[in-house]
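This briefing sets out the architecture of the model shown below, beginning with overall chain properties and moving to individual residues.

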Amino acid sequence: MSVIRNIAIDEWRYWRRSRIAISVLLTGLVLLVGSAFLTAIQMIDASHEREHLQTEAENAFLNQPERHPHRMVHYGHYAFRTPPPLSVIDPGIDAYTGNSIFLEGHRQNSAMFADRQASAGIAMFGALSPALLLQILAPLLLILMGYSAITREREARTLDQMIAQGVTSVQIMLGKGLALGGVTALLVLPLCIASVLAASEGEAVSLIAFFISGYALYLLTWCAAIVLSSTIMRTAGGSLGALLAVWVIVAMLMPRVSSTVATNIVDAPGKIETDFAVIEAVSKIGDGHNAGDPAFTALRANLLQQYNVDSVEELPINFRGVVAGAAEAELTDTLNQFAEERMRVESKQVRIARYFGWLSPVLSIREFSMKLAGVDLETHHRFLRETEKLRFDFVQSLNKAHAEKMTYLDDAGRSGDPEAEKRTRISTENWKVLEAFSFEPFPATDRVEASFNPLAKIMLWLIAILLLCRTIGRRAL
Amino acid sequence: MTRTVVEARNLTVSRGQTPVLSDISFEVQEGEVFALLGGNGAGKSTSLLTFLGLLEPTSGEALVFGKSVQNDIASVRGKIAYLPEAATLYPHLSAYENVDYFLSLAGIGRSRADVEEVFDRVSLQQEARDQHMERYSKGMRQKTAIALALLRETPILFLDEPTSGLDPVAIDEFNRLVTNLAKAGTTIVMVTHDVYGACQVAHKIALLRRGTLVGSFEAKNGERIDTETVHAAFAERAVA
């Protein structure tokens, strides 16, 4: 073990005395620390701002004066997605999907205010999240630090001198790997510091430890690949060329290929096409603002029969409110079908893209990271479903008040009768139908369980490379 | 009673399809200086690398203390100190650091005083010892490498063109050092194309030509091997 440690220490001594190695390492660390700092500020700020906006939106709704409940249906409400604690490291798809939704009657609005749409200046630097740097840049730094770890010794013939001292090929590879492991530890350090912030924001410490371990395992996989390349290639140039080629393929090309293949296999209808389909489907549903719409004839007949009366004016409830509720339910059902279909397509595309994780550890660590941080597509879909439930519940509660808190005659005649209009204004107590909204990521155990699959892919890569080191590497030395 | 320490037994080594050593045999006894003499490409360094386990024999055996190098490489390497042709040390380290590092790889700890003493023996300038080796001359690098080999205090020393790049005074010092080591019981195998240097120190000389042993000479009655005789044979059989 002391031989392995001595080889690692000597490699570090070489790096300390090499301006290039020091520059590469310092550049990487400055970028990582800077990115961790900026992302942490950005996400904590966003978190507090969204919590504040959520409270403000709820207060604004609750503080509305007495008015007709249907006006409150159109007044609407905002739901904000508070970034989860680990988004200080990996903001995930938060930046692309938007983080707030305007909820109103008769519509399912999409999420808005994505950082990528609003970004300018400093926000663009914020796009260099610690996660992205660790996934893409850190392997490149490791390559630049370690590509010549063994080829350098071979070219200078110090490798023969080492072997002549009785050092085995396995000890040399492990020593060089240990040195690169030290670089990995340094690169992961900013992640640990940012994790303290995540822990202070309420994330489970065990999950954070698992998160950091996953990244360490990913970077160690790169370390093993670098040692392997440096062992089997005859020259430092050859080793660097081979490693850069691998990096370009797995870090640059494969993510692009995976999404292209996924979108080609699972065709997603375009926005205009979907919008036309929605309009066509919605047009077949009755107009909830018009109680005389033929679409509600059966509803009217049923109610008249149920209450044993001859006209809607005689009903103990406001037929217009009943119609509004029925129309909303039918409309929501139709819109949900489109929304679920869109989410199904997106999920299928993502599932296909994730298969490419077997070919690229970069894709695997990305999936692992987003799942654990709670910023993946599945979480976004849950946000959409929860906000839709919130929307439907408060709209239907208002429609219920519309049906129960006023008469049909007052409601129908309010535009021509100021007194009737006054009577259709209901108490502000009715606005308390709005539930307080707070979006939380999946429970820690669920997220850990979901991240096993991508972690297994990374482990498989590591085991495969270590086996290659054991067979090809030992022979090459 | 002397014993055989290093032995090549019908040793053949090929690189690809080309044989570099063909069926060579020799024995070196304890405390002997054995010189393998030959021109460029004769297979001298290949012989050493085979004994170090860095090359595999195609047939035959390389034996150290009667053990096959291929079967017991770890134990064999612990008994051999190797001085490569070009002093293969780290330019970014000082002589002290180089020696300290390689000794640590061999699992050997030496005090600063021990190292100083050996540096004195190889005449490495005091003021150079803490400087990075990138500033060293070829001769100074060679002296450091020799010091490293000596500090290992192994029973066998393999020297690949050991006096290459040394000035005449340093060569004389080196030759004295080799002679004293042999007297102290160290077995030395050196490969060289320096006929004069080999005759100064060697008890046995073997001539190698294109991987084949073509002649051998042995010092008798405590006298040196005759330089003229070896030179003539070398010119006739090795270089021709």
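In chain A of this predicted model, 81% of the contacts with a sequence separation of 6 or more involve residues 24 or more positions apart. The corresponding share in chain B, among contacts between residues at least 6 apart in sequence, is 67%.

**Chain A: overall form**

- The secondary structure of chain A consists of 21 helices and three strands.
- The radius of gyration of chain A is 30 Å, whereas a compact globule of 477 residues would have a value near 23 Å.
- Taken along the principal axes, a box of roughly 105 × 40 × 35 Å holds the C-alpha atoms of chain A.
- Of the 477 residues in chain A, 51% are buried.
- Chain A has an accessible surface of about 22000 Å², and 62% of that area belongs to carbon and sulfur atoms.
- The side chains of chain A include 44 positive and 49 negative ones, with the centres of the two sets 13 Å apart.

**Chain B: overall form and domains**

- Chain B contains eight helices and 10 strands.
- With a radius of gyration of 17 Å, close to the 18 Å given by the globule rule for 240 residues, chain B is as compact as a globular protein of that length.
- The C-alpha trace of chain B spans about 45 × 40 × 40 Å along its principal axes.
- Buried residues account for 54% of the 240 residues in chain B.
- About 10400 Å² of chain B is exposed, and carbon and sulfur atoms supply 46% of this area.
- Chain B carries 24 positive and 30 negative charges, and the mean positions of these two sets are 2 Å apart.
- Chain B is divided into domain 1, covering 4-79 + 154-239, and domain 2, covering 89-153.
- In the contact between these domains, 16 residues come from domain 1 of chain B and 12 residues from domain 2 of chain B.
- The C-alpha centres of domain 1 and domain 2 of chain B are separated by 24 Å.

**Helix H3 of chain B and its surroundings**

- Helix H3 of chain B (residues 95-105) is largely enclosed by the rest of the structure, because nine of its 11 residues are buried.
- The buried residues of H3(B) are B:Ala95, B:Tyr96, B:Asn98, B:Val99, B:Tyr101, B:Phe102, B:Leu103, B:Ser104 and B:Leu105.
- From chain A, helix H1 (2-16) and helix H9 (158-164) pack against the buried residues of H3(B); from chain B, helix H4 (112-121) and helix H5 (138-151) do so.
- B:Gly107, located just after H3(B), adopts a positive phi of about 75°.
- B:Ser123 occupies the loop between H4 and H5 of chain B. Although B:Ser123 is not a glycine, its phi is positive, near 60°.
- The relative accessibility of B:Ser123 is 26%, so this residue counts as partly exposed.

**Loops flanking helix H9 of chain A**

- A:Arg157 lies in the loop between helix H8 (151-155) and H9 of chain A. Phi of A:Arg157 is positive, near 65°, in a residue other than glycine.
- A:Arg157 is partly exposed, at 28% relative accessibility.
- A:Gly166 is in the loop between H9 and helix H10 (169-200) of chain A.
- A:Gly166 is partly exposed, having a relative accessible area of 28%.
- Apart from residues up to four places away in sequence, A:Gly166 touches A:Gln171 and B:Arg77.
- A:Gly166 and A:Val3 are 163 residues apart along the chain, and their C-alpha atoms are separated by 10.0 Å.

**A buried serine in chain A**

- A:Ser239 belongs to helix H12 (residues 236-265) of chain A.
- The relative accessible area of A:Ser239 is 0%, so this residue is buried, the cut-off being under 20%.
- Residues up to four places away in sequence aside, A:Ser239 touches A:Tyr147, A:Thr151, A:Ser229, A:Ser230 and A:Met233.

**A loop lysine in chain B**

- B:Lys79 is placed in the loop between helix H2 (73-77) and strand S6 (80-83) of chain B.
- With a relative accessible area of 28%, B:Lys79 is partly exposed.
- Beyond its neighbours within four places in sequence, B:Lys79 is in contact with B:Phe65, B:Thr154, B:Pro155 and B:Ile156.
- B:Lys79 and B:Cys199 are 120 residues apart in sequence, with a C-alpha to C-alpha distance of 25 Å.

Note on methods
Residues numbered from 1 in each chain as written. Chains lettered and ligands numbered in written order. Predicted model: local features only at pLDDT ≥ 70, side-chain atom pairs only at ≥ 80, totals over all residues. Heavy atoms only, no water. Helix = DSSP H or I, 4+ residues; strand = E, 2+ residues; numbered from the N terminus. Rg over C-alpha atoms; globule rule 2.2 N^0.38 Å. Buried < 20%, exposed > 50% of the residue type's maximum accessible area, 1.4 Å probe, protein only. Contact = heavy atoms within 4.5 Å. Areas by Shrake-Rupley, 256 points an atom, 1.4 Å probe, with all protein chains shown as cover. Lys, Arg positive; Asp, Glu negative; His and termini not counted. Charge placed at Lys NZ, Arg CZ, Asp CG, Glu CD. Domains from an automatic or database assignment.
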